[in-house]
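Visitor: I am new to reading structures, and I would like a careful look at one part of this one. Please begin with a single residue in a loop, and then lead me onward from there.

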Amino acid sequence: MGGISATMDERPEQAGQSGVPLLPLRGMIVFPHTVTPLEVGRPRSIQALEAAMLGERRLVLAAQRDEQVQEPSPGDIYPVGTLCVVKQVLKLPEGQLRVLIEGLFRVRIDSVLQEEPYYLAAVQPLETEDEPGPELEALVRTARRLFEQYCQLGKKLPEELVRSVLGIEDPERLLHTIMFQLPVGIPDKQAVLETPGLAQRLEQLCVLLTRETEILEIEKRIHLRVRRQMERTQKEYYLREQMKAIQKELGERDERQTEVDDYRRRIEEASLPKEVREKANHELKRLEKMPPMVAEAVVVRTYLDWLLAVPWSKKTTDRLDLNAAQAVLDEDHYGLEKVKERILEYLAVRKLTRGVKGPILCLVGPPGVGKTSLARSVARALGRKFARISLGGVRDEAEIRGHRRTYVGAMPGKIVHALRQAGAKNPVMLLDEVDKMTSDYRGDPTAALLEVLDPEQNHAFSDHYLEVSVDLSEVLFITTANVLWAIPRPLRDRMEIIAIPGYTEQEKLAIARRHLLPKQVREHGLKPGQLSVSDNTLARIIDGYTREAGVRGLERSLAAICRKAAREVVAGAKTPIRVTRGNLTRYLGRPRYVRQPPEREDRVGLVHGLAYTEYGGDVLAVEVTVIKGKGKLMLTGKLGEIMRESAQAGFSYIRSRAADLSIEETFHESVDVHIHIPEGAVPKDGPSAGIAIATALASALSGRAVRHDVAMTGEITLRGRVLAVGGIKEKVLAAHRHGIRTVILPRDNEKDLEDIPAAVRRRLDIRLVDHMDDVLDMALIGSQTEPAADVAVAGISPAAEPPPYVPGEVDGDGPQEGPVWDGL
């Protein structure tokens with residue numbers, strides 16, 4: 001369809017109140033005195049345009065409030081629009097119409113006369129009421145000046161168009177032409193269109209021109225800054241390229257590129273897993289694009305160094321010769337048969353199958369028994385690297401898993417550090433003092449160890465710093481602890497517990513002769529023939545200068561002897577220097593501990609009980625005395641709640657058997673019973689003193705003495721049953737050290753006798769019982785004695801005085817701060 005042109009009268013009064021087709025506009029406003037091309041595609045709009053073409057070619061153009069509305073209702077259209085005349089119509093192939101519209105004057109839409117098939121509106125022309133004057137002239141000049149400034153800053157309009165706009169004399173035409181050219185929003189343009197007075201509209205135009213000019217100035221300043229930065233960057237790039245060219249001519253290499261090439265070479269040479277290789281290449285690309293002095297570049301370099309330092313594929317070959325491994329273990333440690341047997345079993349399985357996972361062993365025992373050195377010996381026996389992690393006092397989860405790279409100074413955790421230190425992916429990794437970890441607001445490190453020590457999960461251990469999985473399945477983990485109760489149960493469940501009890505005197509003597517003394521002689525610069533210490537002297541050192549479950553104190557004593565011997569050798573003394581029992585005090589001073597001989601007399605109300613501490617076993621005296629009173633039971637000696645309940649149970653049992661024990665049945669109404677366990681500064685707890693307390697009660701109340709050479713341990717029930725307890729080996733060894741001849745144990749602990757050395761078993765008379773009556777038959781002797789003068793009312797003798805003891809010490813290993821546990 002060709003173009004159709006038309007010339008029509010533009011007088012406002014001809015619009016009147018007659019209906020005019022209404023065409024809603026989306027995203028634009030047509031001002032009077034402007035010619036605008038439009039594309040019409042909505043069916044209702046096409047109908048309105050065709051109706052206008054059939055009539056006077058006039059229609060009202062008004063903007064939609066929301067341009068997203070496809071079919072606007074009358075309420076979605078602004079009430080003020082522009083009456084326009086259609087200058088030209090061109091039909092497009094897609095069914096749309098391209099229209100050239102000329103705005104005539106502003107109109108107000110009074111009402112919509114019809115909505116179908118197009119909007120037909122009754123409109124009222126809006127007249128301009130302002131008269132020409134100085135204010136109007138000033139506003140026109142201001143608008144021209146601001147528009148000229150805007151065009152000079154923006155440089156978006158052709159110069160010819162700007163000159164033609166500035167040459168318009170009619171103020172209203174000038175206003176509408178400038179508004180049509182301004183890139184402001186529909187609400188701003190509609191506000192100018194709806195304002196009645198010309199002066200007000202010109203003032204609004206000046207405000208909009210001022211705002212747009214300021215925006216253009218800000219954009220210009222931003223553009224200048226960006227341009228300067230780009231010029232600086234381009235200059236640096238140009239200079240770097242020149243430097244590269246000069247270095248190339250001189251045969252030199254760029255340090256920056258050399259660093260990147262070195263990282264790329266190391267990544268290619270390292271046998272990295274696919275995930276790790278992709279991560280390393282990604283970080284290397286980031287580093288290559290960064291300027292050299294950026295702080296983030298240091299972080300990326302450190303990260304790449306750590307990725308390349310972890311032994312992802314490096315590992316050592318296990319020594320699968322069982323005889324050689326056995327020889328190494330025996331050479332380094334005396335005894336410890338269970339641990340050695342477990343390591344040899346692991347080697348045997350490794351020899352039969354290559355896919356076995358590393359075991360996770362937990363060595364539990366008192367200090368100084370060789371747990372840490374045993375782990376190092378296991379690594380030597382297997383031919384593996386060794387790494388040690390001390391967990392004592394660790395309270396931050398990040399110590400295990402590492403810190404995330406978002407933190408300043410972030411580093412991997414102790415596990416990755418240990419792998420890097422070992423230089424192999426299958427080392428023997430010792431987690432020392434696993435029972436000494438604590439938790440606070442930074443997390444619980446024991447929870448982080450759950451993944452490390454779980455064979456089903458540690459093949460993909462997640463370190464927060466590395467952000468890639470680390471395979472720990474081939475690591476042989478060995479943990480050490482002094483007590484089991486301090487290890488959380490979920491963590492304990494993941495480990496194979498191997499108890500390492502304290503050494504006997506014979507074992508200490510063998511360890512001192514084979515390992516400790518030669519080591520100290522060598523470390524103090526002495527030759528093997530320059531110092532002579534007999535076995536009798538070593539036994540005296542063990543007995544009088546150390547009293548411990550391990551051998552640390554013994555090694556310190558031997559070191560003191562070697563120091564004094566070295567001084568004598570330097571002074572010119574005759575060698576060999578002989579240390580005997582006679583001159584031992586010259587080297588070590590007076591003995592620290594004097595073995596208390598067992599009671600030479602049978603006493604009433606005094607029983608030897610056996611206790612188990614984290615330093616080994618010990619013998620504790622249980623004293624009971626009866627005084628005139630009203631049936632009060634007093635317990636002293638810093639006893640724990642469990643031990644107090646055990647004493648209550650023993651007291652109730654004795655009351656229930658008063659007639660059988662020849663005790664007055666109403667004794668509890670006229671006497672007070674006082675139970676005391678010496679060394680009151682040391683906490684004591686546990687049920688294993690039950691039968692000892694009951695025996696002391698029976699002795700004190702019946703007046704029958706207790707055998708002085710008997711010691712006992714076991715839990716008692718109200719019915720008199722004797723239940724099993726823990727720490728049997730340590731308790732029996734303590735009884736042997738104190739010269740006890742007879743030891744009474746629960747029958748259920750018969751299985752534990754195999755752990756006791758045969759030499760000790762031969763020297764002791766071990767009795768197994770399952771009822772309290774058997775205990776009393778074995779421990780109490782004689783008939784009821786005459787009451788002492790000072791307790792004649794009660795009818796029983798006072799308790800004997802306890803043997804001398806060292807206050808605050810349980811096993812001769814210095815003051816003890818923790819509770820005395822019975823092993824249960």
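## A loop residue and what to compare it with

Guide: At 24% relative accessibility, Glu433 counts as partly exposed, because that class takes in values from 20% to 50%. Please keep in mind throughout that this is a predicted model. Glu433 sits in the loop between β9 (428–432) and α15 (445–452), and the feature that deserves your attention is its backbone, since Glu433 is not a glycine and yet has a positive phi of about 55°. To see why that is worth noting, recall that most residues other than glycine have a negative phi, and that most peptide bonds are trans.

A second residue can be set beside Glu433. Lys638, which belongs to the loop between β18 (633–636) and α21 (641–656), is also a residue other than glycine with a positive phi, near 55°. Its relative accessible area is 49%, so Lys638 counts as partly exposed. A glycine offers another case, for Gly739, which follows helix α23, has a positive phi near 80°.

The general remark about peptide bonds has its exceptions here as well. The bond from Glu116 to Pro117 is cis, with omega near 0°, and Pro117 lies in the loop between β5 (97–114) and β6 (119–125). Thr575 and Pro576 are likewise joined by a cis peptide bond, with omega about 0°, and here the proline is placed in the loop between α19 (552–570) and β15 (577–579).

From the loops we can turn to the helices, beginning with the one that Gly739 follows. Helix α23 covers residues 728–737, and ten of its ten residues are buried, so the helix is largely enclosed by the rest of the structure. Charged side chains are included in that burial: among the buried residues of α23 are Lys729, Glu730, Lys731 and Arg737, alongside Ile728, Val732 and Leu733.

Another helix, α17 (residues 505–523), is best read together with α18 (residues 535–544), because their axes come within 10 Å and cross at roughly 120°, which makes α17 oblique to α18. The crossing is right-handed. On the α17 side the contact is made by Glu505, Lys508, Leu509, Ala512 and Arg513, and on the α18 side by Asp535, Leu538, Ala539, Ile542 and Asp543. Sorted by kind, the residues of this contact are five nonpolar and five charged, with no polar ones. As you look at the α17 residues, it helps to know that an α-helix has 3.6 residues a turn, so residues three or four places apart point the same way.

Helix α17 also holds His515, which has a relative accessible area of 18% and is therefore buried. A polar atom of the His515 side chain lies 3.4 Å from the backbone oxygen of Glu331. Leaving aside residues up to four places away in sequence, His515 touches Asp330, Glu331, Asp332, His333 and Tyr334.

Finally, compare a residue in a strand. Ile781 is in β26 (residues 780–781), and with a relative accessible area of 28% it is partly exposed. Ile781 and Ala705 are 76 residues apart in sequence, yet their C-alpha atoms are 5.8 Å apart in space. Again leaving aside residues up to four places away, Ile781 touches Asp602, Arg704, Ala705 and Arg707.

Note on methods
Residues are numbered from 1 along each chain as its sequence is written. This is a predicted model: local features need pLDDT of at least 70, side-chain atom pairs count only at pLDDT 80 or more; totals for chains, interfaces and linings use all residues. Side-chain values use heavy atoms; hydrogens and water are left out. Buried means under 20% relative accessible area, exposed over 50%, partly exposed in between (1.4 Å probe, protein chains only). Helices (H or I, at least four residues) and strands (E, at least two) are DSSP runs, numbered from the N terminus. Axes are lines fitted to C-alpha atoms, for helices over the stretch in contact, and angles run from 0 to 180 degrees between N-to-C directions. Angles under 35 degrees count as roughly parallel, over 145 as roughly antiparallel, 65 to 115 as roughly perpendicular and the rest as oblique. A crossing is left-handed if the near helix is turned anticlockwise from the far one by less than a right angle, and right-handed if clockwise. Contact means heavy atoms within 4.5 Å. Ala, Val, Leu, Ile, Met, Phe, Trp, Tyr, Cys and Pro count as nonpolar, Asp, Glu, Lys and Arg as charged, and the others, Gly among them, as polar. A polar contact is a pair of N or O atoms within 3.5 Å; within protein, one must be able to donate a hydrogen and the other to accept it, and residues adjacent in sequence count only if both atoms are side-chain atoms.
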